[in-house]
Structure formats: structure tokens, C-alpha cells
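Trainee: I am new to this structure and should like to learn how its descriptions are justified. May we go through them one by one?

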Amino acid sequence: MSEKIEVLITEEQLDKRICEIAEEITRDFGSKDITLVCVLKGGVMFMVDIAKKLKQKVEFEFIDVSSYGNNTVSSGTVTINNGLETSIEGKNVILLEDIVDTGRTLSHLIKYLKEKNPASLKLCTLLDKPSRRVVDINADYIGFTIPDAFIVGYGLDYAQKYRNLPYIGILHLENQ
Ligand code: PRP
């Protein structure tokens, strides 16, 4: 089986869109401090790039979640391997995802975060694949709406590979 990657979103397009989302967030939050909660591992690149463009004071938190394992199809079970390190009570939280697919991860994490009593909770995803949704859930900030294909790059992996690509691509698995 050979692996080919077709570019879907270039580095320049990512940078432009992330600037736009950061401007939207900056407008919406004004002078309020923000706690960014990154969903590991895929959300790392997005968090780093968007954080640099925000004008508010920003705190970083990470949640280690897995649902895909090494497969291209979600297992349907969301596991929190490591939760928040500090309290988010009374804080303005933005949950950052690389992609919303079935919506199971986001829905699981919203419940988890709401129980910790943040002052507000917004959902921000770089990529949205609404055609695959099984849970009725939508993000407040969306970078790109994409087709139903297997996506890699800019944090997203296939069997832990391709996370470091600076662009988003569609992975094609082909018989040689
Ligand atoms: C991916 C992605 C999202 C989730 C979205 O994570 O990063 O967190 O799946 O899928 P869903 O909407 O169907 O729940 P994954 O479990 O692959 O972990 P990773 O980020 O460490 O690669």
C-alpha cells in the first residue's frame, strides 16, 4: 500500500484564516483574559499559531484525548488520558480542536469542561467535517469546512505520521 498526499489547504491559506479567526476572537473577548484548552495531539500546531495572534492575556491548558488509535475510522470511544492540570473555574475558556468529525470528542469534552464551572466556554476548530457528524454539535469558530476525506498534516496524523506537514492534505492509500 502506498501513501500519497494531495494538498487541500496550503500553508498560506492556513495562516490567512488563522489570522481572521484570531481577529474574531479578539473582537469577541475584548480585554478579557482567555484560557486556551488544546486537545492533544492534533490541536498543537493550531494552538501555537493562533495563540501568537491573540491580543489578550492567554493561558495554556492541555487535554490528552484519543478516539482513533492507529485507524482511519473513529473507534467511537473517547478516552481522556490526561485531563486539565489547573482549575478553569471562573475563566473564559476556548476549547481548540484540529478537527470535528463525528462530534463525539467535542461533545465529551464540553461535558467534562462544563462540570469545572468556567465563566464561559467557546469551541474553536480549524477543520469541520459536518458530513460525518453523529452528535449534533457545532463549533463557534470554524477555520475550514472540508469534504469527507482522510486528512493529515498541521497536527493531524495517520498512524502518528504527517503531523509536522505545514499544510493540510488528503491522504490516499493506494495499492501498488
Ligand atoms: C482526532 C481529532 C479530534 C477527534 C475528532 O483525534 O484530533 O480530537 O479525532 O473526531 P470526532 O469528532 O469523530 O470525535 P485523535 O483521537 O485522532 O487523536 P490525536 O489528536 O492525538 O491524533
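**The ligand shell and helix H1**

Mentor: In this predicted model, strand S5 gives four residues to the shell around the ligand, the largest share.

Trainee: Which residues of the shell are the closest to the ligand?

Mentor: The shell holds 18 residues, and the closest are Ser67, Asp98, Thr102, Gly103 and Thr105. By class, five are nonpolar, six polar and seven charged.

Trainee: What makes the approach of Asp98 to the ligand a polar contact?

Mentor: The cut-off is 3.5 Å between N or O atoms. An N or O atom in the side chain of Asp98 is 2.6 Å from an oxygen atom of the ligand, so the pair qualifies. A polar side-chain atom of Asp157 lies 3.0 Å from a ligand oxygen, and a backbone N or O atom of Lys41 lies 2.9 Å from one. The protein covers 92% of the 500 Å² of accessible area that the ligand has on its own.

Trainee: How do you know that the length of helix H1 agrees with its number of residues?

Mentor: At 1.5 Å a residue, the 19 residues of H1 should span 27 Å; the end C-alpha atoms are 27 Å apart, and therefore the two values agree.

Trainee: Which residues of H1 are called buried, and why are they placed on the same side?

Mentor: Buried means under 20% relative accessible area, and in H1 this applies to Leu14, Arg17, Ile18, Ile21, Ala22, Ile25 and Phe29. They lie on the same side of H1 because they cover an arc of only 145° around the axis. The face turned away from that buried side carries the exposed residues Glu12, Lys16, Glu23 and Arg27.

Key: Residues numbered from 1 in each chain as written. Predicted model: local features only at pLDDT ≥ 70, side-chain atom pairs only at ≥ 80, totals over all residues. Heavy atoms only, no water. Near = heavy atom within 4 Å. Polar contact = N/O pair within 3.5 Å; in protein donor to acceptor, adjacent residues only side chain to side chain. Areas by Shrake-Rupley, 256 points an atom, 1.4 Å probe, with all protein chains shown as cover. Helix = DSSP H or I, 4+ residues; strand = E, 2+ residues; numbered from the N terminus. Nonpolar A, V, L, I, M, F, W, Y, C, P; charged D, E, K, R; others polar. Expected span 1.5 Å × (residues − 1). Buried < 20%, exposed > 50% of the residue type's maximum accessible area, 1.4 Å probe, protein only. Arc of directions from axis to C-beta.
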